[in-house]
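Reader: Please take me slowly through one small part of this structure. After that, I would like to see how other spots can be read in the same way.

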Amino acid sequence: MVTQTHFVQCQESAHAGKTVLSLSFREFQFAQTLVFAVEEINKNANILPGVTLGYKIYNNCGSMDILRAAMSLVSGHESSTTTRMCTSQTVQAIIGHSGSTPTIGLARTVGQFNIPVISHFATCACLSKRKEFPSFFRTIPSDYYQSRALAQLVKHFGWTWVGAISNANDYGLNGIAMFITAAQEEGVCIEYSAAFESTRPYHEILRIVDIIKHSTSKVIMAFMSHREIKVLVEELYKQNITGLQWIGSDAWITDSSLTESLGQTSLIGSIGFTVPKAQIPGLGPFLEKVNPSQFPNSIFLKEFWESVFNCSLTPGAGQRTCNGFEHIKDVRNAFTDVSDLRFTNNVYKAVYAVAHALHNLLSCEQSNSTFLNSSCTKPTQIQPWEVVKSLQNVNFIASEGENVFFDKNGDSPARYELINLQRVPEGTMKVATIGYYDASLPKGRQFTLNSAQIVWNGERQMMPVSVCSKSCPTGTRKAVQTGRPVCCYDCIPCPPGEISNITDSLNCLKCPVQYWSNTRGDGCIAKVVEFLSYSEIMGIMLAIFSLVGVFFTILITLIFYCNRNTPIVKANNSELSFLLLFSLTLCFLCSLTFIGQPSEWSCMLRHTTFGITFVLCISCVLGKTIVVLMAFRATLPGSNVMKWFGPPQQRLSVLVFTLIQVIICVLWLTISPPFSYSNMNYYKERIILECNLGSAVGFWAVLGYIGLLASLCFVLAFLARKLPDNFNEAKFITFSMLIFCAVWITFIPAYVSSPGKFTVAVEIFAILASSYGLLFCIFMPKCYVILLKPEMNTKKQIMGKTK
């Protein structure tokens, strides 16, 4: 039994918005490819042996026309003459339509009767809803994948500020909506989104052009058909709007009719994804043999012939008459061009998919008949729902080795070629493949770009830039402008202590605690460690003053030693004087321990030696003051007070006073000693290396004890300042103690308020100032007499009374 299965192929024959119908060569090629595939299958003994496939082709397929034709086929009232004589009029599958909107109405209607619809060009992602379109299949990927591929493409080239224009129909609105969603996920911002139809009033097109004219983005994503893109670029050409980089959807990016538009040169450099290029063996010669005599009743073949040869097959029509035997292979047009078959191959695969589905149903192979309850199905028993289930399980290898199958939503695998429209010498455009996209691969490997030379808009070699704000350099971060998309931002320098070492950083990173940001703000460098060192001017000057003090002290010691037998040296207690000079030498030298990098030992040494040597020094001065007072008390009649404060008692007093300070220092070092400390709180950009006091009580106890002795010494010296003597040492001790106390009273607030190494410098200055005060006030008057006034250095002069 020979069974015929009808295919319905819908063909566009008119440019929307035109009152005069004109034939679309691409759609006519689709129709003839269907015929070629059917005849090829009928000749193939390996597919559907004993079964002949038939077809019926419908023209002028607007939404109402296609629905009316579909309902006629479903109801069985279709009376049109078929192209081949058949034994059955059962419609088992519908191939088409090229547009998404007509296909939605068709698939929704015939889906209720389980009649499969296989589209070669309807890409709207909405058709993947299986509950709404249970019998829909397509040999072209869904726009769901194309939108994501386009978003990745835009992101790859760094275009973060783009415009979006689409058709105002299901294909355009759904496609551009998915692109916008995917683009936002990739961090791309949409400056504007607009939709229009070429059939709308002229002012609608002008509105779109005005939006483009006043926009700042240089890249436009055009999700529309070839009709709308041609209308749009023509108007842009008329208004001299140039410099735009177009990104095209598969509906227009490879359409050969683009060269017919007035502004087609502005489309050179456009890039976009489309289905892979393929070859169909034998199709070229088949198309060249198309002749009106093959289908004498075909209205659109007659229209095609008259359009190609610019003649009329009807005599007396007012045009040049042709007989239908002209050679179409001598004419170059889009119909016979098989060098870049893409969507035509989808028609070819759709026919073979239905053939394989029917073959599986009729092959009676139990292993492949999981959707049937019976072991075998006769041709006359095939129902449309069985074809739908069989299509769901179709899996075959096409002529070029491509694996053809449908997923659970009726979609084909998403594989695309990235193409670039380039000019060729004869003034037309050619399609250059520059990359690929395969949605089946893991994310990150789906999109690849080959090394082909890309031609950008205006045939430039430099890639255009389309951003709302320029890239933020390292050392800055993005700050989104209020009320604008995230791609519009200001570049704010990172605050001190924070860096950004990548461009377009959203946040600045804090440097580790021991590091600080460099001047450019793009890297962390080690903080400067600050301490009073011998390598800086202040440290050198303080060290020099300290050594000068040691020099003067030694010099005075030598002067006193050389004149130790003179009355002025003997009269001023030479033993305490030499001990005082020794302690002053230690005071000058202990200031050197405050200079240099603090360490655990230096921190303990500097404060303890300072405290002990100064107590030793003040103890000697105090002993000398007491000696002066006792000496004058001894001159009173019957007084023997000097025997109670002779040299042994003087030594013992110095030892006891010093021993008390030693005990305080030992307790301090035992309980909580000073230690080296990296202070990062005072300066954020520097580390102050200083000595932490450990126990503040210990430090202030040491200073307090020194202050107590100094105060006692000052009071006693002040009381003895007016004793009648030509050379009253108490006056000089009073001046020295006055300077000492003034220095250390001033030291306290200066020490507390000075930062970093200046704290150490203040302490050294106080040590040196008080030491110089004691040295000069006590010993310089005596040196003056010894060296310059030797006549005054006599016992008589020393013991004489002042008036």
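**One residue and its surroundings**

Author: Let's begin with S147, which sits in helix α4, spanning residues 143-156. Helices (H or I, at least four residues) and strands (E, at least two) are DSSP runs, numbered from the N terminus. Before going further, keep in mind that this is a predicted model, where local features need pLDDT of at least 70 and side-chain atom pairs count only at pLDDT 80 or more, while totals for chains, interfaces and linings use all residues. Residues are numbered from 1 along each chain as its sequence is written, and side-chain values use heavy atoms, with hydrogens and water left out.

Is S147 buried or exposed? It is buried, because its relative accessible area is 0%. Here buried means under 20% relative accessible area, exposed over 50%, and partly exposed in between, using a 1.4 Å probe and protein chains only.

What surrounds S147? Setting aside neighbours within four places in sequence, S147 is in contact (heavy atoms within 4.5 Å) with G175, M178, F179, A182 and F223. One of these, G175, also places its backbone oxygen 3.3 Å from a polar atom of the S147 side chain.

Now try the same reading on H226, a residue of helix α7. H226 is also buried, since its relative accessible area is 7%. Its side chain makes a polar contact with the side chain of D255 at 3.5 Å. A polar contact is a pair of N or O atoms within 3.5 Å; within protein, one must be able to donate a hydrogen and the other to accept it, and residues adjacent in sequence count only if both atoms are side-chain atoms. Beyond residues up to four places away in sequence, H226 touches R26, A251, W252, D255 and S257.

Helix α7 covers residues 226-238, and N240 lies in the loop between it and β9 (245-248). N240 is not a glycine, yet its phi is positive, about 55°. It counts as exposed because its relative accessible area is 63%. N310 makes a good companion: its phi is about 50°, again positive although it is not a glycine. This residue is in the loop between α9 (299-309) and α10 (343-362), and its 56% relative accessibility makes it exposed.

F578, in helix α14 (residues 574-590), is partly exposed at 25% relative accessible area. F578 and Y561 are 17 residues apart in sequence, with their C-alpha atoms 8.5 Å apart in space. Leaving out residues up to four places away in sequence, F578 touches T557, F560 and Y561.

Whole helices can be read as pairs. The axes of α12 (residues 537-562) and α19 (residues 757-788) come within 10 Å and cross at roughly 25°. This makes α12 roughly parallel to α19, a label for angles under 35 degrees; over 145 is roughly antiparallel, 65 to 115 roughly perpendicular and the rest oblique. Axes are lines fitted to C-alpha atoms, for helices over the stretch in contact, and angles run from 0 to 180 degrees between N-to-C directions. The contact of α12 with α19 has 20 nonpolar, three polar and two charged residues. In that count, Ala, Val, Leu, Ile, Met, Phe, Trp, Tyr, Cys and Pro are nonpolar, Asp, Glu, Lys and Arg charged, and the others, Gly among them, polar.

Finally, step back to the full chain: it has 20 helices and 24 strands, and 52% of its 803 residues count as buried.
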